[in-house]
Structure formats: structure tokens, C-alpha cells
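Me: Please take me through this model one feature at a time, giving the general idea before the particular case.

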Amino acid sequence: MFHQFRSDYIELADKRILDALNKYSLEQNIPYGFDYHSDNAAKYILKTFGSVNGKVYFLEGGTQTNLVFISYCLRHYEGVIAADTGHINVHESAAIEGSGYKILTVKNRNGKIYPEQIEPLLKNNSDVHTVKPRMIYISNSTEIGTIYNKKELEDLYRFAKENDLYLFIDGARLGSALTSEENDLEKTDLGNLCDAFYVGGTKNGLLFGEALVINNPELQKDFANHIKNKGAMLAKGYALGIQFEEAFKDGLYFELAGHANEMANLIKDGLLELNLNLGNSPTNQIFAKCDKEMANELIDVFGLEKWIEEEDGITVRIVTSFATKKEDVDELLNYIKKLMK
């Protein structure tokens, strides 16, 4: 069977994460995340990202993290601003709106949104009859693999503060964004340029889990109660703490993400040599447009996801992970070469 490039969470976990879980499998720990592993992991994370007044909360998955945090911050007459391609708008089965909070969408520019796009939305939602904008939601990396640079993030956060909005960063693929060759953000910028962000583990070599970092002290009050109220407090919370402790104690988290990006770059270079039309993604998601026959075969053989179907072809998504090997890349590229011949 050929290596599958469907997503970055189809393998269970990096061996070092599994070894850590196995090491402490019979150790007795305080449940619900009040254990020393979770404390250690939180300290590593806050130091890494420069969040001086921050607090870390461990949750199980991205949709859960988005829903729990957004529902805590908003009242039911308030809405969250997101790109039309934003994960909460497209791929979370209306989890936010199903819970009573409207998503106010903005047309994306290469997967991102900018203050000048949000400003008209604020003007059009400024009276008692409309949904009041209260939060800006962005993803880094975005749903199409692009990343925010430092100036873009600074501009968004400044705009948010000037307009009494929260800025929340979905970091499901934060590792890939921060280890991209095009990234100019320092890790510590995350602790200073948003109200909250999360560090995605599920899509970066952990068995499961996301670490939500709330920088804004005002949003920390009783948040743990809200997690429990939403049914999102894992009884064996130390299973999350052990994983993030292992991932952050010596840089494993960024090693795994950097490897995924390195493998993606090899694929991109190979596809460009074959003159395939690629999207502008500097991270571990690759979007390639092929003729329909080739695309459908690659979908069947390598598990690629069909992204966009048009009359003249299909754009497929290729995703590398912590587990992708050089020989897997070569296998994919050689197969595509044969198809093109």
C-alpha cells in the first residue's frame, strides 16, 4: 500500500510521545488536568511563547477548543468575525452557530483577513438590531496553508484593541506556521499579539490534544468552570499534560513541524519541475491542480483530498506530517511522473 497524504493526523503519534505515555502509564495522577505533568507542560508553553500573564488550558481537539473558548467570550447577541474559508465557518458542522453565536464572514485574501475588510462590517453592525461583532478569529497557518506575518498580526491586534474586539488565533497547525521558511514571527510574539491562541497537538505528532493559551487575564476568570460545563474537561487530563510536557521540554514540537514542512518543500520542488499549478502555501499543505483523470487516480492511490473541482481540472490537497519519509515523497513524485508520461 502506498503512503497516504490525506492529512497530518492519520498516524497515531510520534514514538517519543507514545514512549512518554507508556512510561507513566501506571503512575497515579490527580485527574482533570490538576497534575504535575500538566503544570510542567503549561510552564514550558508559557515560557516558549512569552505569555507573561497567560494561563494554559488543555483540551482534546480543535473544534472543541474553538467552541469552548468562543462560547465563553461571547454573549448571544455577539458574533465572531472570520474569513469565509475559516475552519469555524466551513469545517465544524455549525458548532459555533448551533450554539447560538453568529459567524460574521469576510471574503478571504489568500486565506487571510485584514482590518480594512473588517471595518465596513463594524459599521454595518452598529445598532441594536444587528449582531454585535466581538471577536476576530484567524487561523495560522490558514486553511489553505498560508501564514500571517508579524506586521499583519500587529495590525490586526491593534485594530482589535481600538474597536473593543478580542483576537483569537486557531493554532491547529501553529507548528507548521512557525517553522515555515517564510515565517517572520518570533514564538514570543504569540504571547503579546492576541488575546488567546492555541497550540495544536493533534495535527503535529501528538496522540490528541490542543493547548489553549489565554493571554488576556480578563478571559481566564472561571474559564475552567466553563470547560467543565461544556463537557470538555478530560477526566484523565494528565494524558494531555504528559504529551505536551514531552513535546515542549526540549523542542520536539517544532522538530516535528519542521520535518513536515521539509517534506512538503521536497514535494513542491518536484511538482514545480513537472510544471504543475500549485497554490501559494509555505507550510505542510500543498494544493496542486491536475487534469481530472490524474487527480482521481492520485486520490484513489494516495488518499489525497479533492479540494476544488472545475471544468478544466481538480485541485487536490497533499499533506505531509511528522511521519512522512523521504522515500514516501519520492514514491509520490515518481508515480506522478509516470502518470504524466
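**Reading burial and contact**

Reply: A160 lies in helix α7, where helices (H or I, at least four residues) and strands (E, at least two) are DSSP runs, numbered from the N terminus. Residues are numbered from 1 along each chain as its sequence is written. This is a predicted model, in which local features need pLDDT of at least 70 and side-chain atom pairs count only at pLDDT 80 or more, while totals for chains, interfaces and linings use all residues, and side-chain values use heavy atoms, with hydrogens and water left out.

Me: Is A160 buried or exposed?

Reply: The general scale is relative accessible area: buried means under 20%, exposed over 50%, and partly exposed in between (1.4 Å probe, protein chains only). A160 is buried, because its relative accessible area is 0%. The C-alpha atoms of A160 and R134 are separated by 9.0 Å, with their positions 26 residues apart along the chain.

Me: Where is G145 found, and how many residues separate G145 from N110 in sequence?

Reply: G145 is found in the loop between β4 (132–139) and α7, and with a relative accessible area of 0% it is buried. G145 and N110 are 35 residues apart in sequence, yet 9.1 Å apart in space, C-alpha to C-alpha. In that loop between β4 and α7 you will also find S141, which is joined to N140 by a cis peptide bond with omega of about 0 degrees.

Me: How many salt bridges does a search of the whole structure find, and why do such pairs form at all?

Reply: As a general idea, side chains of opposite charge can pair when their charged atoms come close. The criterion used here is a side-chain nitrogen of Lys or Arg within 4 Å of a carboxyl oxygen of Asp or Glu, and the search of the whole structure finds 21 such salt bridges. In one of them D155 pairs with K151, the closest N and O atoms being 2.7 Å apart; both residues lie in helix α7 (residues 150–162), four residues apart, about one turn of the helix. D155 counts as partly exposed because its relative accessibility is 22%, whereas K151, at 53%, counts as exposed.

Me: Which other salt bridge has its residues four apart in a helix?

Reply: Look at D330 and K326, both in helix α13 (residues 326–340), again four residues apart and about one turn of the helix. Their side chains meet in a salt bridge at 3.0 Å, N to O. D330 has 29% relative accessibility and counts as partly exposed, and K326, with a relative accessible area of 43%, is partly exposed as well.

Me: Which side chain does K292 meet in a salt bridge?

Reply: The partner of K292 is E309, at 3.7 Å, N to O. This pair links distant parts of the chain, since K292 is in helix α12 (residues 292–302) and E309 in strand β10 (residues 305–310), 17 residues apart. K292 is partly exposed at 31% relative accessibility, and E309 is partly exposed with a relative accessible area of 46%. Salt bridges can also be joined up, as in the network that links D14, R16 and E255.

Me: Which residues form a nonpolar patch on the surface?

Reply: Patches are made of residues with over 30% relative accessible area and no salt bridge, like charges being joined within 9 Å and nonpolar side chains (Val, Leu, Ile, Met, Phe, Trp, Tyr) within 5 Å. The nonpolar patch consists of I30, Y32 and F34, with about 320 Å² of accessible area together, an area obtained by the Shrake-Rupley method with a 1.4 Å probe, only the protein chains shown counting as cover for residues. F34 sits in the loop between α1 (15–23) and α2 (36–49), and counts as exposed because its relative accessibility is 55%.

Me: What takes a positive phi just after α11?

Reply: N275 does so, with phi of about 65 degrees, a positive value in a residue other than glycine. N275 is found in the loop between α11 and β8 (277–278), and counts as exposed at 69% relative accessibility. A94 also has a positive phi, near 60 degrees; A94 lies in the loop between α4 (87–90) and α5 (95–98), and its relative accessible area of 45% makes it partly exposed.
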